[in-house]
Amino acid sequence: MSPFNKSNLAISFHLQEMAAVEANGTFQANTKTTEPVRPLANFPPSVWGDRFLSFSLDTTELEGYAKAMEEPKEEVRKLIVDPTMDSNKKLSLIYSVHRLGLTYLFLQEIEAQLDKLFKEFNLQDYDEFDLYTTSINFQVFRHLGHKLPCDVFNKFKDSSSGTFKESITNDVKGMLGLYESAQLRLRGEPILDEASAFTETQLKSVVNTLEGNLAKQVMQSLRRPFHQGMPMVEARMYFSNYDEECSTHESLPKLAKLHFNYLQLQQKEELRIVSKWWKDMRFQETTPYIRDRVPEIYLWILGLYFEPRYSLARIIATKITLFLVVLDDTYDAYATIEEIRLLTDAINRWDISAMEQIPEYIRPFYKILLDEYAELEKQLAKEGRAKSVIASKEAFQDIARGYLEEAEWTNSGYVASFPEYMKNGLITSAYNVISKSALVGMGEMVGEDALAWYESHPKTLQASELISRLQDDVMTYQFERERGQSATGVDSYIKTYGVTEKEAIDELNKMIENAWKDINEGCLKPREVSMDLLAPILNLARMIDVVYRYDDGFTFPGKTMKEYITLLFVGSSPM
Ligand SMILES: CC(C)=CCC/C(C)=C/CC/C(C)=C/COP(=O)(O)OP(=O)(O)O
Ligand SMILES: [Mg+2]
Ligand SMILES: [Mg+2]
Ligand SMILES: [Mg+2]
C-alpha cells in the first residue's frame, strides 16, 4: 500500500471513528441515558469471517504424509552423521535442515555433529574460507547454541581503515550471509553491529540489480532477516527461494515437502478447533467492541512452536491469548474506570460469586474464563502438572492489575516516569502470561525446575517482554494517543528525559536491539534450561517483529499477518 493510500486509510478510519463518537455523543444528548462515554476504537473487522470453520481433516492423508516421510528422513539422517562428509559441506547441510524447520527431527544427531565440529574449531582454518562459507558456519553454530567467535569476520575488514573491505560488496551471497549472521550478535560484538548496518545499506543499494533466486533471497532477508522471522513461514520461504541449496541432496526437499504438508493439515485442524470454540463462546456478540482476530492470534501462537507434538499446547495457548485480547480491548476501548476496577477485583478474586459485581456485558467473558481455567486445571491435575495452569492463572491476574494501573494513569492524566512505566509495561507486554500459558500443554518436559525458572523472571524472558512492550508502543502510540489511551513508553520517555519524540523512539529502538542481544546470549550454551523451554520466548520476540516491524500489524492485519495466514492456511495446495 502506497503511503498515500495508507494515510487515506487512516483518515477514513479516523472519520469513521469520529462519526461513531459523534453519533454516540448526539445519541446520548437526545436520549439522556446514563450510558457513559466509552473510548470506542471501531477496530477493523475480521479479514477472514468463518472460512476456517469448514476445513475437515482427512487423517488418512495426514498418516500418508507421516509414512512417506520415513524414508527421506532416514536418508537425511544418514547424511548428517556421514563421517566422510567435508565439515563445511556438513555445516551447510545442517544450515539448510535448520532453515527448513527440520532440526527437531534430527536434534541428537545435529548436536553431536556440532559439538564435535565446534571442538575442532580453530581460527586459522577460517583464513581461507570465503565470506559466504564463514557466515554459513557462523549462523549454524550460533543458531544451535555455540558461540563461534565473531573474530572469524575480522579478515574481511581493512586493517588500515578499520571498515569492511570494499571488495566484499561484490560478493552478494557473502554479504547476505554476513547480514543474517549479524542478527545473532551479542553485546560487545561491535564488528557485528557494523556488519548489520554495512550489509543492510549495501544490499539495499544492489537489490534492484539482482535477478532470479538471489534477488528473492535478498528481498526476503531485507524485509525481515531469518532470525527475526516466524520459523514456519521462514521454512516455507527458504524452500521456495533456495532450491539450489535445498537440492544438494534430493532427499532433503522431498522430506521438506512432505513435512510441510503434514504440518499444514494439522495446523488447519487446530485453527478450525479454535475458530469453532471462539464462535461457540459468542464473544463477538457479547463483547462486539473487541478486535476479531482468531487466525491472527493462532498464527502468533504457531510462531512459538510448530512441532506436531505441541498441537494441544497451541490450542490451549491460543485460547488464553484470545482471552487477553478481550481483556486488553475491554480496558482500552470500552470499559469505564469504575467498570475496570470492578472487573480487576473480580479477576483477582477469581470466584463465580464475583459475577454480580461486574457489568452485564463482561459476565459471559468472566464465566468462560473461570470455566476454561477450571477445566485446564482438572485435565493437567491428572498428569500431576496443575501447577503450570496455576502459574498461567496468576500471570493472568497480574496482567489485569497491570492493565488497571494503566487505566488509573489514563483516568487521572498521570504520565508515569519511564522506569515506573517499564515496571508495569513488562507485565502489560503479556509475554509473561503467554509464555507461561504456552507451557501448559507442552507435556512432561515442563517440570518443577522449568516452572521455577519461568517464575524467576529470567533475563531472557524480560528481554522478550521489553521487545513486546516497546515495539508495540513505538508502532501504536499515535493511534492510542488519538483515543486518549494511557501514556505509552514513548510519552513516558519524552517526559522523563525531556527529549523529542524522535529521540525517544531512537532510544527505545536501541533498547529493543540490546534486548535482542540478551535473547541471543540466553540461547547460547551452557543454557539455563533446554532450548525447548527457551524457544517460545525467542519466538515470541520474533512474532513482535512479524507483527510490528512496519506497522500495527495486529489492529490492521491486512498486510504481513494476512499474507502469512494465506501462505500457511489458505488454499495453497500440497507442495
Ligand atoms: C503489547 C503486545 C504487543 C502484546 C502482544 C501479546 C498479545 C497478543 C497480547 C494480547 C493483547 C494485545 C493483542 C495487545 C496488543 O495490542 P495493543 O497495542 O492494543 O496492546 P496495548 O494495549 O498493550 O498497547
Ligand atoms: Mg490495547
Ligand atoms: Mg492495553
Ligand atoms: Mg499498543
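**Two magnesium ions and helix α14**

Good morning. I begin with D328, which bridges the magnesium ion (ligand 2) and the magnesium ion (ligand 3); these two ions lie 3.1 Å apart. Please keep in mind that this is a predicted model.

Let us take the ions in turn. Which protein donors does the magnesium ion (ligand 2) have? They are D328 and D332, each through OD, and they lie 2.0 to 2.2 Å from the ion. For the magnesium ion (ligand 3), the protein donors are D328 (OD) and D332 (OD), with distances of 2.0 to 2.2 Å.

Next, I turn to where these residues sit in the chain. D328 and D332 belong to helix α14, which covers residues 311-333. Because they are four residues apart in that helix, about one helical turn separates them.

Are D328 and D332 buried or exposed? Both are buried. For D328, the relative accessible area is 15%, and a residue is called buried when that value is under 20%. D332 has a relative accessibility of 12%, so D332 also counts as buried.

Finally, I consider the helix as a whole. Helix α14 is mostly covered, with 22 of its 23 residues buried. What span should its 23 residues have at 1.5 Å a residue? The expected value is 33 Å, and the C-alpha atoms at the ends of α14 are 32 Å apart, so the two values agree.

To summarise, D328 and D332 are the protein donors of the magnesium ion (ligand 2) and of the magnesium ion (ligand 3), and both residues are buried. Thank you for your attention.

Notes: Residues are numbered from 1 along each chain as its sequence is written. Chains are lettered from A and ligands numbered from 1 in the order in which they are written. This is a predicted model: local features need pLDDT of at least 70, side-chain atom pairs count only at pLDDT 80 or more; totals for chains, interfaces and linings use all residues. Side-chain values use heavy atoms; hydrogens and water are left out. Donors are N, O and S atoms within 2.8 Å of the metal (3.2 Å for Na, K and Ca); water is not among the atoms, so sites may look incomplete. Helices (H or I, at least four residues) and strands (E, at least two) are DSSP runs, numbered from the N terminus. Buried means under 20% relative accessible area, exposed over 50%, partly exposed in between (1.4 Å probe, protein chains only). The expected span of a helix is 1.5 Å times one less than its number of residues.
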